[in-house]
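Welcome to this short tour. Please open the structure in your viewer and keep the selection tool at hand.

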Amino acid sequence: NEVLVKTFSSSAQTIFATVFIGIMSVLVSGTVSAKDSINNSDTTHIYRTNSNNTTQTFNPKLSLQDVLAATLATQGRVDLLNLHQENDNERSLVWLDSSPILSLLYMHNQTEDADKEAQLSVSLPIKSKLQREIDALSTKNRERMNTLAQQQQELYYSGLIRTLIWDYQETDILVNAAQRKAMVLTELLAQYTQMAELKALPQYALFLLQKEVNDSQIGHLEYTRKLAFTLKQYQQLTGLKSLPENTLEGFTTHNVELSTAQHPAIQALDLEWQTLSQAQQEQSQSAQAWSVQLAAKRVEGVNFLDNQIGVGVDIPITIGHELSTSQRNELSQAKLNYSVTRNQLLTKILADSQTQISEYDFLLKKQHLLDKNRETLEKLELSITTMLASNTQNQVVHIRNLIELFSAQTAITLNQLAINRQIAAINQAQGHSL
C-alpha cells in the first residue's frame, strides 16, 4: 500500500508539473500579444500578426482613401449632369428666353392693277437682366448640386466601409481570443483527464472543463464564420481583396457646430431652398422677357416699288408687387418648411455628433481604468496558473477564474479598438468622408 501511495503521489506531482508548464507556455505567448496590443495605439495591428491570412487580408500600401476610390469605381460614381454638353447647348440661348418666331404675310387685292404687299418679321424674346442673373446662378447651382450628390455618395459609402472594416477587426480579435482560450483549456483538459483517471481530480471539474472547451471551440467557429462573411461583404462593396493596414483616422472635437453646418445634408438642403427661391424669382414681373421684332416689308404697285425695314421693342413695365398673392404665399410657406426642416436636421446631426464624442470620452476613461488592471491581471494569471497546477481543492473555482481572466484581457483590447472605431463614428456623424 505504501508503494502504491508513493507511486500515486509521484504520478500526480508529475501531472501537475506538466499542467503548470503547459499552461504557462500557452499563456505567456498570449500575454505577450496582449501586452503589445494594449501598449500600441493601433490595437488591431498586433492582432493581425497572429492571423494566418495576414499577408492576404491586410495591405500596408492600401489607404482608406484608396478603398473609397475603389468602391466608387466598383459601385459607380453618381453624375447628375453632363455639364459640358449642357453648356454647349446653352451658349446659343444666353440672350434668348425661348425660340424666335418667324412670321410671313402676303396681301394681294383681287382687282386688276391692285397693289401687292409682302411682309417678313422675326420676333426675338430677349432675356431680361434679372433672368440672365438667375440663369447664371442656376448653372452654378447645378454644378454645386452635382458636387453635393457626389459628397453624399462618398459619405454613404464611407459609412459602409468604416462599419465593415471595424467589424472585421473586432471579429479578428475575438477569433484570436477564442483560439487562445481553446488552446489553453484543451491543454488543461488533456492533463485533467489523466488526473481524473488517477482519482486526483473530481469528475465535476473535468465535465466543466470539457464544456468550456466546447463553448470556446463553438465561439471560435462562429467568429471565424462572421469574419469570412464580413470580408466577403467588404470585397463585394469595394472590389478589393485586402483591407488597409492603417485604419486610424484623425479628428477634432472642436467647432462641432461649424462642422455640423458644413454637413453635406445641410448644404444640400440649403441649395434646394436657393433653387426654389430662384424659381419663384423667374416668375416675377422683372424677369419677363423683352420682345424685339425685326420686320421687312415690300409693296408693289403699278408704277412703284417700295421696300421697308423696321424694328420694334416690347418692354414689360412692372406695376405693383413682383409676385402675385398666391405666389408670395407659396414662397412664404416654402421658406417656413425649409427653416423647420433645417433646424430639425441640424439638431439631429449635432446631437448625434455630441453623442459620439461623449461615447469617445467615456471609452478613454474606461481604458484608463482598464490599464490600471493590467499588472493586476498579470499577477492574477500567474496565481491562477499556479493554483491549477497544484494539487489543491476548488479546482472548479480556479477554472472559472481562468475563464474570467481571458474575458478581462480581451476586454482591454476590445476597448482600445472601440476608441479607434469611435473616432471613425465621430467623423461619420459630422459628415466627413474617408
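Strands here are DSSP runs of E with at least two residues, numbered from the N terminus. The model is a predicted one.

Start with the whole chain in cartoon view: the protein chain shows 11 helices and six strands. Of its 434 residues, 37% count as buried. Now switch on the surface, where the protein chain exposes about 24900 Å², with carbon and sulfur atoms supplying 55% of that area.

Next, select strand 5 (290-300) and strand 6 (305-314), each of which gives at least two residues to a nonpolar patch. Which residues form the nonpolar patch on the surface? Pick Trp-290, Leu-294, Val-311, Val-313 and Ile-315, which together have about 480 Å² of accessible area. Ile-315 sits in the loop between strand 6 and helix 10 (325-389). Ile-315 counts as partly exposed because its relative accessibility is 48%, between the limits of 20% and 50%.

Now for the rings: the structure holds three aromatic pairs. Select Phe-58 and Tyr-168, whose ring centres are 5.7 Å apart and whose planes lie at 65 degrees, so this pair is edge-to-face. Phe-58 belongs to strand 1 (residues 58-59) and Tyr-168 to helix 6 (residues 129-197), so the pair links parts of the chain 110 residues apart. Phe-58 and Tyr-168 are both buried.

Finally, move to Trp-273 and Tyr-338: with centres 5.4 Å apart and planes at 10 degrees, their rings are stacked. This pair links helix 9 (residues 264-282), which holds Trp-273, with helix 10, which holds Tyr-338, across 65 residues. Trp-273 and Tyr-338 are buried.

Definitions and conventions. Residues numbered from 1 in each chain as written. Predicted model: local features only at pLDDT ≥ 70, side-chain atom pairs only at ≥ 80, totals over all residues. Heavy atoms only, no water. Helix = DSSP H or I, 4+ residues; strand = E, 2+ residues; numbered from the N terminus. Buried < 20%, exposed > 50% of the residue type's maximum accessible area, 1.4 Å probe, protein only. Areas by Shrake-Rupley, 256 points an atom, 1.4 Å probe, with all protein chains shown as cover. Patch = residues over 30% accessible without salt bridge, like charges linked within 9 Å, V, L, I, M, F, W, Y side chains within 5 Å. Salt bridge = Lys/Arg side-chain N within 4 Å of Asp/Glu carboxyl O. Phe/Tyr/Trp six-rings, centres within 6.5 Å; stacked < 30°, edge-to-face > 60°.
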